[in-house]
Amino acid sequence: EESTAGIRHYDVQLVDFMAAKQKHVVRGVWTSELYNQIDMMEFMIVLLSFFEEIRYGVLTAEKLLNMRRSGGFALEAECFGDNMGVYEAAAADHIKLPTEKGTLFHLQFLRECIDSGIVTYWNWCHTRDMLADGMTTGSCDRVVLHLAMQGSLSLKFQILSFQGEATRKRLKT
């Protein structure tokens with residue numbers, strides 16, 4: 001696990017934006033945040049597949065399914081969330097049974113995406129750096145939103161980053 005304080009800068013391209021009510025009825029904030037991360041992850045896999053076909057041409061469903069199972073997408077993907085509990089649960093050495101038992105498989109899916117290399121970095125960032133919250137609630141400084149639309153995103157607060165097994169192996173070679 002890597003901790004970075006200070007500014008981290010990204011060149012970004014906003015591709016899509018969704019603002020919708022959550023489809024799941026849950027008892028707590030942790031579960032709500034976990035489900036939001038899962039929804040993001042599922043959509044990200046579709047986008048990665050889309051960009052894979054733009055780069056390499058039409059791919060078979062079998063090829064895309066294998067990439068979904070074991071990683072190997074050409075484009076690296078970083079995921080950000082501001083819920084420390086979800087971050088810690090997904091980055092733990094051993095996944096523990098959550099209080100809401102039915103969320104175990106969702107947490108395992110999240111970790112599988114990290115370990116397989118579909119997600120290059122799993123990041124926790126401070127709520128004040130969460131651009132997505134500002135886009136849906138309007139609580140983010142509009143200057144930050146305008147800069148992101150122009151392709152620039154700077155995070156000013158501490159970030160925790162976790163890499164899965166596949167990413168660690170790839171970076172060693």
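How many cavities of 30 Å³ or more does the count come to in this predicted model? The count comes to one cavity of that size or more, and the legends below begin with the whole chain before turning to close-up views, one of which shows that cavity.

**Figure 1. Overview of the protein chain, with its seven helices and six strands.** Read along the sequence, the elements of this predicted model follow the pattern β-β-α-α-β-α-α-β-α-α-β-β-α. The protein chain has 173 residues, of which 39% count as buried. Among the contacts in the chain with a separation of 6 or more, 78% are made by residues that lie 24 or more positions apart.

**Figure 2. Close-up of the largest cavity and the residues that line it.** The space in this cavity comes to about 50 Å³, and its lining is made up of Glu33, Gln37, Gly81, Asp82, Asn83, Val86, Tyr87, Trp122, Asn123 and Trp124. Helix 1, helix 3 (84–91) and strand 4 are the elements that each give two or more residues to this lining, and strand 4 provides the largest share, with three residues. Sorted by kind, the lining residues are four nonpolar, four polar and two charged.

**Figure 3. Close-up of helix 1, which covers residues 29–56.** The 28 residues of helix 1 should span 40 Å at 1.5 Å a residue, and the C-alpha atoms at its two ends are indeed 40 Å apart, so the expected and modelled values agree. Buried residues occur along helix 1, including Thr31, Leu34, Tyr35, Ile38, Met41, Met44, Ile45 and Leu48. What covers the buried residues of this helix includes helix 2, strand 3 (78–81), helix 3, helix 4 and strand 4. Just after helix 1, Gly57 takes a positive phi of about 90°.

**Figure 4. Close-up of Ser49 in helix 1 and of Glu76 in the loop between helix 2 and strand 3.** Is Ser49 buried or exposed? Ser49 counts as buried because its relative accessibility is 16%, which is under the 20% cut-off for a buried residue. Leaving aside residues up to four places away in sequence, Ser49 touches Leu64 and Phe73. Glu76, by contrast, has a relative accessibility of 53% and therefore counts as exposed, since the cut-off for an exposed residue is over 50%. The C-alpha atom of Glu76 is separated by 8.7 Å from that of Leu48, although these two residues are 28 residues apart along the chain.

**Figure 5. Close-up of helix 4 (residues 104–115) and the elements that cover its buried residues.** At 1.5 Å a residue, the twelve residues of helix 4 should span 16 Å, and this agrees with the 16 Å between its end C-alpha atoms. The buried residues in this helix are Leu104, Leu107, Phe109, Leu110, Arg111, Cys113 and Ile114. Their cover includes helix 1, helix 2 (61–70), helix 3, strand 4 and strand 6. Just after helix 4, Gly117 takes a positive phi of about 95°.

**Figure 6. Close-up of strand 2 (residues 8–11) and strand 5 (residues 152–155), which run antiparallel.** In a regular strand the side chains alternate between the two faces of the sheet. Along strand 2, Arg8 and Tyr10 point to one face and are buried, whereas His9 and Asp11 point to the other face and are not buried. Strand 5 likewise has a covered face, formed by Leu153 and Leu155, and an uncovered one, formed by Ser152 and Ser154. Four bridges join the two strands. Which residue of strand 5 is the bridge partner of His9? The partner of His9 is Ser154, while Tyr10 stands opposite Leu153.

**Figure 7. Close-up of strand 4 (residues 121–125) and strand 6, which pair in the antiparallel sense.** The pairing of these two strands extends over four bridges, and at one of the paired positions Cys125 has Ile159 of strand 6 as its bridge partner. In strand 6 (residues 159–162), Ile159 and Ser161 point one way and Leu160 and Phe162 the other way, yet all four of these residues are buried. Strand 6 is also among the elements that cover the buried residues of helix 4, and strand 4 is among those that cover the buried residues of helix 1.

Terms used: Residues numbered from 1 in each chain as written. Predicted model: local features only at pLDDT ≥ 70, side-chain atom pairs only at ≥ 80, totals over all residues. Heavy atoms only, no water. Buried < 20%, exposed > 50% of the residue type's maximum accessible area, 1.4 Å probe, protein only. Pairing = 2+ DSSP bridges. Contact = heavy atoms within 4.5 Å. 1 Å grid on protein atoms, 1.4 Å probe; cavity = no way out; pocket = protein on both sides within 12 Å on 5 of 7 lines; lining within 4 Å. Points joined across faces, edges and corners; volume = space filled by probe spheres on them. Nonpolar A, V, L, I, M, F, W, Y, C, P; charged D, E, K, R; others polar. Expected span 1.5 Å × (residues − 1).
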